Amino acid sequence: MPSRTRTRTRTSAHRAGRQLHGGPFAYAVLVLFAAGSLFPLLWTAVAASHDNTRLARTPPPFWFGGNLGRNLRTAWTDAGLGLALGNTLLVAGSIALGTVLFCTVAGYAFAKLRFRFRGPLLALVIGTMMVPPQLGVVPLFMITARLGWTDRLPAVVMPTLVSAFGVFFMRQYLVEALPTELIEAARVDGANSLRIVRHIVLPVARPAMAVLGMLSFVQAWNDFFWPVIALTQENPTVQVALTGLGRGYVPDQAVVMAGALLGTLPLLLVFAVFGRQIVGGIMRGAVKG
């Protein structure tokens, strides 16, 4: 009987260690979804390589033309994308860093610390996600104008350094990933709250921080509604700068597509460079044992 048990255990472990392979149907579905996801980017590049006259014809072009370089240079010059990309990188990086840091600390407090009104405060934080952001535009603009931040990057960065979703996300992760006994042992050894956060909470929360940082960076990079109100064409982000390309009686759609392509390429570059680390962090956070 024990030998049978050992044999079954070895067989189960061998099966668990094998790599699973999908069938033809699974690969067909994955290819279909990948093609659907890449089609908007491919169409943007195709449209950016033609002129406005060709885009107005029916049927539209389905392959690259010869005007991509000229349209990219026009979009870069007319929209001032050099300044816009620098501003957007600074804004998105600051928002991602602030969101990860503050939301991790707040999520740890809601997950592991005991204080009065913890439950109502968490419910209040979650409840703010149900409020449409359009309702706060007028008072937010009045505050930024009073502080002298109109057409300045702090007007875009400061209101979004903390997100309710980020606090809730980090709280849910740390509830399961961070053992309470580890915190209690650190307190017994004389560690203060700052040292616990630095040496215990942050290393444990690193996988979730990577995911939250990526999501925050992408959202800040693509944000349009508040930046177009708080900023002007003199000091724009990418999304604000691209609105200048669509003005005029007959906007040049090819140049607009070229500008959109230039605004998308940095995101693709970031994911190409850090995608493996982000996915690896997600997998390390998903596997416990």
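## The enclosed cavity

Helix α5 makes the largest contribution to the lining of the largest cavity, with 3 residues. The structure shown is a predicted model, and a search of the whole of it finds 1 cavity of 30 Å³ or more. The space inside the largest cavity amounts to about 40 Å³.

Its walls are formed by T88, V91, A92, V156, A220, D223, P227 and T237. Sorted by class, the lining of the largest cavity consists of 5 nonpolar, 2 polar and 1 charged residues. Rolling a probe the size of a water molecule over the atoms is what reveals where such empty space is left.

## The largest pocket

The largest pocket has a volume of about 1,100 Å³. Its lining comprises 28 residues, and those that lie nearest the centre of the pocket are P133, P159, T160, S163 and Q219. In terms of class, 20 residues of this lining are nonpolar, 7 are polar and 1 is charged.

Several helices take part in the lining of the largest pocket. At least two residues each are supplied by α5 (81–112), α6 (118–127), α7 (137–146), α9 (164–177), α12 (206–222) and α13 (225–230). Among the contributors, α12 provides the largest share, with 5 residues.

## A nonpolar patch on the surface

Which residues form a nonpolar patch on the surface? The patch consists of F141, F224, F225, V228 and I229, and together these residues have about 370 Å² of accessible area. Helix α13 provides the largest share of the patch, namely 3 residues.

One member of the patch, F224, is placed in the loop between α12 and α13. F224 counts as partly exposed because its relative accessibility is 38%, a value between the limits of 20% for buried and 50% for exposed.

## Residues with positive phi

Most residues other than glycine have a negative phi. Against this background, two residues may be noted. F117 has a positive phi near 65 degrees and is not a glycine. This residue is found in the loop between α5 and α6. With a relative accessible area of 53%, F117 is exposed, since the class of exposed residues begins over 50%.

The other residue is D151, whose phi is also positive, at about 60 degrees, although D151 is not a glycine. D151 is located in the loop between α7 and α8 (154–157).

## Pairs separated along the chain

T128 and S163 stand 35 residues apart in sequence, while their C-alpha atoms are 9.4 Å apart in space. S163 has already appeared among the residues nearest the centre of the largest pocket. T128, for its part, belongs to the loop between α6 and α7. Is T128 buried, partly exposed or exposed? Its relative accessibility is 41%, and T128 therefore counts as partly exposed.

A second pair is formed by F169 and M209, which are 40 residues apart along the chain and have a C-alpha separation of 9.6 Å. F169 is part of helix α9, one of the helices that supply at least two residues of the lining of the largest pocket. At 24% relative accessibility, F169 is classed as partly exposed, because a residue counts as buried under 20%.

Conventions. Residues numbered from 1 in each chain as written. Predicted model: local features only at pLDDT ≥ 70, side-chain atom pairs only at ≥ 80, totals over all residues. Heavy atoms only, no water. 1 Å grid on protein atoms, 1.4 Å probe; cavity = no way out; pocket = protein on both sides within 12 Å on 5 of 7 lines; lining within 4 Å. Points joined across faces, edges and corners; volume = space filled by probe spheres on them. Helix = DSSP H or I, 4+ residues; strand = E, 2+ residues; numbered from the N terminus. Nonpolar A, V, L, I, M, F, W, Y, C, P; charged D, E, K, R; others polar. Patch = residues over 30% accessible without salt bridge, like charges linked within 9 Å, V, L, I, M, F, W, Y side chains within 5 Å. Areas by Shrake-Rupley, 256 points an atom, 1.4 Å probe, with all protein chains shown as cover. Salt bridge = Lys/Arg side-chain N within 4 Å of Asp/Glu carboxyl O. Buried < 20%, exposed > 50% of the residue type's maximum accessible area, 1.4 Å probe, protein only.
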